Amino acid sequence: GKLAAVCVDSEPKVLRATQKLVQGGSLRESNVIAGQGGRGSNWAYGYHGQRGEGERGLLQRAMESVRLEAERSDCYCGTVLFHSLSGGTGAGLGARLCEKIREEFPAGHILSVSVAPHQSGESPLQHYNTLLSLAALHSSADGLLLFHNDEALSQALAVQTRGRAGPPGAPAQTSLAAMNLHISSCLGGLLLPVHSLTTASGLSLGLEPWELLRSVCPLPAAKLLHTSQACSSDATPWESLASSSLKTVPPNSPCGEPVSFHGTLPPGPHCLSPSVPSSH
């Protein structure tokens, strides 16, 4: 079979790597949607598109491919949207595409996997793009699984330098591939089938993202998700994973009252979890 995926970008060079999937027969060529110019790291330019694009614009072509993929499936349940929040295409076009999918398939679920930019150094407009995109996504998506480039970088550096002895004073280095590997590993541990969660009927909570959304995003206001991961070779207690996840949760409620997350675990050993999602 072929991947039920649609790859969209406003610059063709970004999608050159997908040609290997097309040539190998894993991805349909019609599902690779590329524009002829970038969006200038401008959220409004990515959201509204170029003037005079008409029916053959980037958004319209992407939605046509999404409709065809939904028609090919036996039962359309939802869409997982992967995009960045720093540039004009990922933030602006990604938010607009999410809204169009919600309008076209109101009964389907939408899980947005968003990558926030570094705190500094990428684009002078990156924080505005992130804020505007998250505001739009919060009104149209069912869940927002948020990753941070700074956190992915630190995790990739920790894995790369673990057990390696380098010259003293030498700065640690990593690559974008290592950061992407960390994010994909977190997603794999979160969404792949888990034997311990498989019910007697043979269904697993890891089979579909929609079960995750129904479990951890029951309220419209609780959409932001964060996942933590432990290495399988390390003995990491559950308390450490839970505390690292709760660091991103605001200490006060919207009313200004302090929020307590203290819990009691039953006595006995606690097994490791590859990914711990938390909603806040």
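**View A. Strand E4 and strand E5 (residues 143–148) run parallel and are joined by six bridges.** Welcome to a predicted model, with residues numbered from 1 along each chain as its sequence is written. Local features need pLDDT of at least 70, side-chain atom pairs count only at pLDDT 80 or more, totals for chains, interfaces and linings use all residues, and side-chain values use heavy atoms, leaving out hydrogens and water. Strands (E, at least two residues) and helices (H or I, at least four) are DSSP runs, numbered from the N terminus, and two strands count as paired if DSSP finds at least two bridges between them. Along this pair, Leu 111 has Gly 143 of E5 as its bridge partner, and Val 113 is matched with Leu 145 in E5.

**View B. On another ladder, E4 (residues 109–116) runs parallel to strand E3 (residues 78–84), with seven bridges between them.** Gly 78 sits opposite His 109 of E4, and the bridge partner of Val 80 in E4 is Leu 111. Leu 111 also has a bridge partner in E5, namely Gly 143.

**View C. Here is E4 with its two sets of side chains.** His 109, Leu 111, Val 113 and Val 115 point one way, while Ile 110, Ser 112, Ser 114 and Ala 116 point the other way, and all are buried. Buried means under 20% relative accessible area, exposed means over 50%, and partly exposed lies in between (1.4 Å probe, protein chains only). Since eight of the eight residues of E4 are buried, the strand is largely enclosed by the rest of the structure. E5 is mostly covered too, with five of its six residues buried.

**View D. E5 also pairs with strand E6 (residues 224–228), in the parallel sense, over two bridges.** Within this pair, Leu 144 stands opposite Leu 224 of E6.

**View E. Two right-handed β-α-β units share strand E4.** One is made of E3, helix H4 (residues 88–104) and E4; the other consists of E4, helix H5 (residues 126–140) and E5. A crossover is called right-handed if, with the strands pointing away from the viewer, the path from the first strand over the helix to the second runs clockwise.

**View F. Helices H4 and H5 have axes that come within 9 Å and cross at roughly 10°.** H4 and H5 are therefore roughly parallel to each other. Axes are lines fitted to C-alpha atoms, for helices over the stretch in contact, and angles run from 0 to 180 degrees between N-to-C directions. Angles under 35 degrees count as roughly parallel, over 145 as roughly antiparallel, 65 to 115 as roughly perpendicular, and the rest as oblique. Contacts, meaning heavy atoms within 4.5 Å, link H4 residues including Gly 88, Ala 91, Gly 94 and Arg 102 with H5 residues including Asn 129, Ser 133 and Ser 140.

**View G. Helix H6 (residues 149–161) and helix H7 (residues 176–191) cross at roughly 100°, with axes coming within 9 Å.** H6 and H7 are therefore roughly perpendicular to each other. On the H6 side, Asn 149, Ala 152, Leu 153, Gln 155 and Ala 156 meet Ala 178, Met 179, His 182 and Ile 183 of H7.

**View H. His 83 has its place in strand E3.** Its relative accessibility is 9%, so His 83 counts as buried. Leaving aside residues up to four places away in sequence, His 83 touches Gly 90, Gly 94, Ser 112, Val 113, Ser 114, Val 115, Ser 133 and Leu 137. One of these partners, Ser 114, lies 31 residues from His 83 along the chain, yet their C-alpha atoms are separated by 5.3 Å.

**View I. Two loop residues are shown here, Glu 29 and Ser 41.** Glu 29 belongs to the loop between helix H1 (19–23) and strand E2 (32–34), and with a relative accessible area of 59% Glu 29 is exposed. The C-alpha atoms of Glu 29 and Gln 19 are 8.0 Å apart, with these positions 10 residues apart along the chain. Ser 41 is found in the loop between E2 and helix H2 (43–48), and is partly exposed at 28% relative accessible area. Which sign does the phi of Ser 41 have? Positive, at about 55°, although Ser 41 is not a glycine. Most residues other than glycine have a negative phi.
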